[in-house]
Amino acid sequence: MATSKLQALWNHPAGPKTIHFWAPTFKWGISIANIADFQKPPENISYLQQIAVTCTGMIWCRCSTVITPKNWNLFSVNVAMAATGLYQLTRKIKYDYVVSEAETTAVENVSS
């Protein structure tokens with residue numbers, strides 16, 4: 001049973017013998033790096049980088065469902081890219097517009 005499933009995966013049009021398998025597999029490195037950056041201070045997050053990661057993930061999610069052969073590895077990595085990019089953008093926006101305004105207000109109240 002397991003042998004036939006492994007053989008089916010190996011011979012699949014998007015299996016390990018093709019670029020359709022390896023390109024999205026290596027693309028997981030971008031999502032993993034983005035997850036590692038969750039510990040990075042929000043002031044060090046780049047808007048442009050995270051917008052690029054988010055948009056790439058969103059665009060390729062759609063494309064991965066309409067190409068032949070269906071490539072669920074490509075779909076899943078792009079969902080992860082979009083999700084991690086949105087999370088990082090949320091952290092950056094929250095830091096820039098919520099935390100910074102609160103700090104400015106606190107400094108103004110102390111000065112008065």
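This report covers a buried glutamine, a cavity and one helix in a predicted model.

Residues are numbered from 1 along each chain as its sequence is written. In this predicted model, local features need pLDDT of at least 70, side-chain atom pairs count only at pLDDT 80 or more, and totals for chains, interfaces and linings use all residues.

**Gln88 and the cavity**

Gln88 sits in helix α4, residues 72–111 (helices are DSSP runs of H or I, at least four residues, numbered from the N terminus). Its relative accessibility is 1%, so Gln88 counts as buried (under 20% relative accessible area with a 1.4 Å probe, protein chains only; exposed is over 50%). Beyond neighbours within four places in sequence, Gln88 contacts Asn34, Asp37, Phe38, Ile45 and Gln50 (heavy atoms within 4.5 Å).

Gln88 also helps line the largest cavity, together with Asp37, Lys40, Asn44, Ile45, Ser46, Gln49 and Gln50. A cavity is a set of points on a 1 Å grid over the protein atoms alone where a 1.4 Å probe fits but cannot get out; lining residues have an atom within 4 Å of a point. The structure holds one cavity of 30 Å³ or more. The largest encloses about 40 Å³, a volume being the space filled by probe spheres set on the points. Its lining has one nonpolar, five polar and two charged residues.

**Helix α2**

The 18 residues of α2 (residues 19–36) should span 26 Å at 1.5 Å a residue, and the end C-alpha atoms are 26 Å apart, which agrees.

| Accessibility class | Residues in α2 |
|---|---|
| Buried | Pro24, Lys27, Ser31, Asn34 |
| Exposed | Phe26, Ile32, Ala36 |

The buried residues cover an arc of only 70° around the axis, which puts them on the same side of α2. The exposed ones lie on the other side.

Notes:
Side-chain values use heavy atoms; hydrogens and water are left out. Helices (H or I, at least four residues) and strands (E, at least two) are DSSP runs, numbered from the N terminus. On a 1 Å grid over the protein atoms alone, a cavity is a set of points where a 1.4 Å probe fits but cannot get out, and a pocket is an open set with protein on both sides within 12 Å along at least five of seven lines; lining residues have an atom within 4 Å of a point. Ala, Val, Leu, Ile, Met, Phe, Trp, Tyr, Cys and Pro count as nonpolar, Asp, Glu, Lys and Arg as charged, and the others, Gly among them, as polar. The expected span of a helix is 1.5 Å times one less than its number of residues. The arc is that of the directions from the helix axis to the C-beta atoms.
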